[in-house]
Amino acid sequence: LYKIGGVSKSMWDQTATQLNVMRQSYQNLEENTRLVSPISGVVTARNYDDGDLYQGNPGLVVEKLSPVKILIDVNEQYFKDVKVGMPVGQITLDAYPDEVFQGKVSIVYPTLNSMSRTFQVEVQIANANQRVRPGMFARVSLNFGQKHHVLVPDQAVVKQQGSGERFVYVVNDGRAYHRTVELGRRID
C-alpha cells in the first residue's frame with residue numbers, strides 16, 4: 001500500500017515496528033517456554049499450576065541425588081582437625097538404621113557461629129544407588145584419632161566449694177593426695 005500511495009511513510013514505519021516487536025516477542029516466548037535444568041536430578045517441587053501468577057519463586061525444584069550432601073555443625077575445638085577430603089566412615093540414617101554409609105568432607109565453612117560455637121562442614125555421600133534422599137535425617141561421627149586419658153567414676157570427682165575447682169584423691173604409698181583434674185567427656 002505504501003508503494004502505491006495508499007499509506008503514509010509514518011504509518012508504514014509504525015506497522016513495520018509493530019511487526020518487529022511481535023516477532024521478537026514470539027521468539028522470546030518460544031525460547032522461554034521450555035525449562036531446562038543445569039543438573040540432572042529429580043523434580044521435588046512444582047510451585048505453579050497452569051494459570052497461576054508468577055511470584056518470583058522457582059517454577060520447579062530439581063534435586064541432584066548423586067552425590068548427596070549432609071550439612072553438619074562441628075564444635076569449634078575441632079576446627080583445626082577437619083580437612084577437605086577427610087574420610088567420614090560413620091554415617092547412619094534413620095531410614096536405614098542397620099546400615100553404615102561412607103562419605104568424605106567436601107567443604108569446611110570458614111566462619112563460626114558465635115551463638116553455638118560451631119562451624120559448618122559439608123559431607124558428601126557418593127549415593128550411586130540413589131537410596132539416600134534429600135531431607136533424610138543423618139547422624140555423622142567424625143574420627144579425630146585416640147588420646148589416652150585416665151577415666152574415673154563420676155562419684156570420685158569432688159567439687160571444691162566456692163571455687164568450682166574439681167579434684168580427685170590419688171593414693172600413693174599408702175597416702176591420699178589431692179589432685180586437681182580437668183573434666184572431659186562423660187561416657188555413660
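1. In this predicted model, strands β8 and β9 form a hairpin with 6 residues between them. Gly162, in the turn, has a positive phi of about 90 degrees. The two strands run antiparallel and are joined by 2 bridges. Val158 stands opposite Phe167 of β9.

2. A further hairpin is formed by β9 and β10, with 2 residues between the strands. Here strand β9 covers residues 166–172, and 6 bridges join it to β10 in an antiparallel arrangement. Two pairs may be used to check the register: Val170 has Tyr177 of β10 as its bridge partner, and Phe167 stands opposite Thr180 in β10. Phe167 thus appears in both pairings, since it also faces Val158.

3. Taken together, these 3 strands make an open sheet in the order β8-β9-β10, with antiparallel pairing. The edge positions are held by β8 (158–159) and β10 (175–180); each has a single partner strand, so one side of each is left without a neighbour in the sheet.

4. The backbone at Asp173 deserves inspection. This residue is found in the loop between β9 and β10, and its phi is positive, about 55 degrees, although it is not a glycine. For context, most residues other than glycine have a negative phi. With a relative accessibility of 75%, Asp173 counts as exposed, because the cut-off for that class is over 50%.

5. Asn127 is a second residue to inspect for its backbone. It too is not a glycine and has a positive phi of about 55 degrees. Its place is the loop between β6 (118–125) and β7 (138–141). Is Asn127 buried or exposed? At 5% relative accessibility, Asn127 counts as buried, because the limit for that class is under 20%. Asp173, by contrast, counts as exposed.

6. The surroundings of Asn127 can be described in some detail. Apart from neighbours within four places in sequence, Asn127 is in contact with Leu65, Ser66, Val68 and Val132. A polar atom of the Asn127 side chain lies 2.6 Å from the backbone oxygen of Leu65.

7. Ser66, one of the residues in contact with Asn127, also takes part in a cis peptide bond. The bond runs from Ser66 to Pro67, and its omega is near -5 degrees. As a general matter, most peptide bonds are trans. Pro67 lies in the loop between β2 (60–63) and β3 (68–75). A check of this loop may therefore be combined with that of Asn127, because Asn127 counts as buried and has Ser66 among its contacts.

8. The final point concerns the surface. Which residues form a nonpolar patch there? The patch is made of Leu35, Val43 and Leu60, which together have about 290 Å² of accessible area. Of these residues, Val43 is placed in strand β1, which covers residues 42–46.

Methods:
Residues are numbered from 1 along each chain as its sequence is written. This is a predicted model: local features need pLDDT of at least 70, side-chain atom pairs count only at pLDDT 80 or more; totals for chains, interfaces and linings use all residues. Side-chain values use heavy atoms; hydrogens and water are left out. Patches are made of residues with over 30% relative accessible area and no salt bridge: like charges are joined within 9 Å, nonpolar side chains (Val, Leu, Ile, Met, Phe, Trp, Tyr) within 5 Å. Accessible areas come from the Shrake-Rupley method with a 1.4 Å probe; for residues, only the protein chains shown count as cover. A salt bridge is a side-chain nitrogen of Lys or Arg within 4 Å of a carboxyl oxygen of Asp or Glu. Helices (H or I, at least four residues) and strands (E, at least two) are DSSP runs, numbered from the N terminus. Two strands pair if DSSP finds at least two bridges between them. Buried means under 20% relative accessible area, exposed over 50%, partly exposed in between (1.4 Å probe, protein chains only). A polar contact is a pair of N or O atoms within 3.5 Å; within protein, one must be able to donate a hydrogen and the other to accept it, and residues adjacent in sequence count only if both atoms are side-chain atoms. Contact means heavy atoms within 4.5 Å.
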